[in-house]
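Hello,

Here is the structure I promised to pass on to you. Please have a look at it first, and then read on for what turned up.

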Amino acid sequence: MNSRASQLKAFDRLLTIMDELREQCPWDKKQTMESLRHLTIEETYELGDAILDNDLEEVKKEIGDLMLHLVFYAKIGSETNTFDIADVCNSICEKLIHRHPHIYGDVKVKDEAEVKRNWEKLKLKEGRTSVLEGVPKSLPALVKASRIQDKVSGVGFDWEKPEQVWEKVEEELNEFKVEVAKNDVDAMESEFGDVLFSLVNYARFKNINPENALERTNKKFSKRFQYLESKAKVLNKDLKDMTLGEMDVFWEEAKKL
């Protein structure tokens, strides 16, 4: 691996290139924080895909793309004398030191759970009025549910055993079935949301990341369906003209693959 000196030299090179692009490239000169925002979100998801695929070469590339965006934001901030990359780095360093008193102070902790509880308590002392303030409003609903539950758990608002959570899942499923029988769409949606929220909570107790789990299933389904499509093409058939029985044969083949 590279030495610290080499790492710093590489980061300095990136900062220099960013300065040059901002000054000389018509596209880069035109960008604002707002125009970059959706691109940054896209890059974050691409990094997430590479991580789930366990493609470390791609992970390296996507980290670079995301790092470029972070340096870009800092460059834009420096142009209005608001902040620069040094301010960004020093700010996060100070935050990490402050929120890790068990490393940089004399606080004693016994496990990870206690570290998380202390983290949330420190954030409240910093001026936040709710532990949920740190959950971005624009997060996808599944991720947001997981983060909400993780946050409140950090201050002790939680079940004691996974069995209790599973009982809640079954309770919510039964309530959902009742509304399905009534065919009340609004009530069904409300109860279905409760089912999902409870399942996310159970996943947390089992150390399962629900977003990763669902995305793995998405990828698995997509690969199997694309295999089915390829087999249909070999037979010169259109999927809509095939019976479910015919499609199921190829589906089972895809599962074995």
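Helices here are DSSP runs of H or I with at least four residues, numbered from the N terminus. With that in hand, just after H4 comes Asn81, which takes a positive phi of about 55°. Please keep in mind throughout that this is a predicted model.

Let me stay with H4 for a moment. The helix covers residues 56-79, 24 residues in total, and from first to last C-alpha it reaches 35 Å, close to the expected 34 Å. Its buried residues are Val59, Glu62, Leu66, His69, Val71, Phe72, Tyr73, Ala74, Ile76 and Gly77. The cover over them includes helix H1 (4-24), helix H2 (26-30), helix H3 (33-52) and helix H5 (85-98).

H10 (residues 185-205) can be read in a similar way. At 1.5 Å a residue, its 21 residues should span 30 Å, and the end C-alpha atoms are indeed 30 Å apart. At the start of H10, a side-chain oxygen of Asp184 comes to within 3.2 Å of the backbone nitrogen of Asp186. After the helix comes Asn207, with a positive phi near 55°. Buried in H10 are Ala187, Met188, Glu191, Val195, Ser198, Val200, Asn201 and Ala203, and helix H8 (141-153), helix H9 (162-182) and helix H11 (210-234) are among the elements that cover them.

Is Glu189 of H10 buried or exposed? Glu189 has a relative accessible area of 60%, and because the cut-off for exposed is over 50%, it counts as exposed. Between the C-alpha atoms of Glu189 and Glu179 there are 9.0 Å in space, with their positions 10 residues apart in sequence.

Now for the nonpolar cores. The largest has eight residues: Tyr227, Leu228, Ala232, Leu239, Met242, Met247, Phe250 and Ala254. H11 and helix H12 (244-256) supply at least two residues each to this core. Leaving aside residues up to four places away in sequence, Met242 touches Ala232, Lys237, Met247 and Phe250. Apart from this core lies another, of six residues, including Met18, Phe72, Tyr73 and Ile76. Phe72, Tyr73 and Ile76 were also listed above as buried in H4.

The aromatic rings may interest you too: the structure holds four aromatic pairs. One of them joins Trp166 and Tyr202, a tilted pair with 5.0 Å centre to centre and 55° between the planes. Trp166 lies in helix H9 and Tyr202 in helix H10, so this pair ties together parts that are 36 residues apart in sequence. Both rings belong to partly exposed residues, Trp166 at 35% relative accessibility and Tyr202 at 22%.

Phe221 and Trp251 form a tilted pair as well, 5.1 Å centre to centre and with 55° between the planes. Here Phe221 comes from helix H11 and Trp251 from helix H12, so the parts tied together are 30 residues apart in sequence. Phe221 is partly exposed at 47%. Ring pairs also link Phe221, Phe225 and Trp251 into a cluster.

Last, the cysteines. How many disulfides does the structure hold? The count is zero. For Cys93, the nearest cysteine sulfur is that of Cys89, 6.5 Å away. Cys93 is partly exposed, with a relative accessible area of 40%, and Cys25 is partly exposed at 22%.

Enjoy looking around, and do write back with any thoughts.

Best wishes

Notes:
Residues are numbered from 1 along each chain as its sequence is written. This is a predicted model: local features need pLDDT of at least 70, side-chain atom pairs count only at pLDDT 80 or more; totals for chains, interfaces and linings use all residues. Side-chain values use heavy atoms; hydrogens and water are left out. The expected span of a helix is 1.5 Å times one less than its number of residues. Buried means under 20% relative accessible area, exposed over 50%, partly exposed in between (1.4 Å probe, protein chains only). Contact means heavy atoms within 4.5 Å. A disulfide is a pair of cysteine sulfur atoms within 2.5 Å. A polar contact is a pair of N or O atoms within 3.5 Å; within protein, one must be able to donate a hydrogen and the other to accept it, and residues adjacent in sequence count only if both atoms are side-chain atoms. A nonpolar core is a set of buried Ala, Val, Leu, Ile, Met, Phe, Trp, Tyr and Cys residues joined through side-chain atoms within 4.5 Å. Rings of Phe, Tyr and Trp (its six-membered ring) pair if their centres lie within 6.5 Å; planes under 30 degrees apart count as stacked, over 60 as edge-to-face and the rest as tilted.
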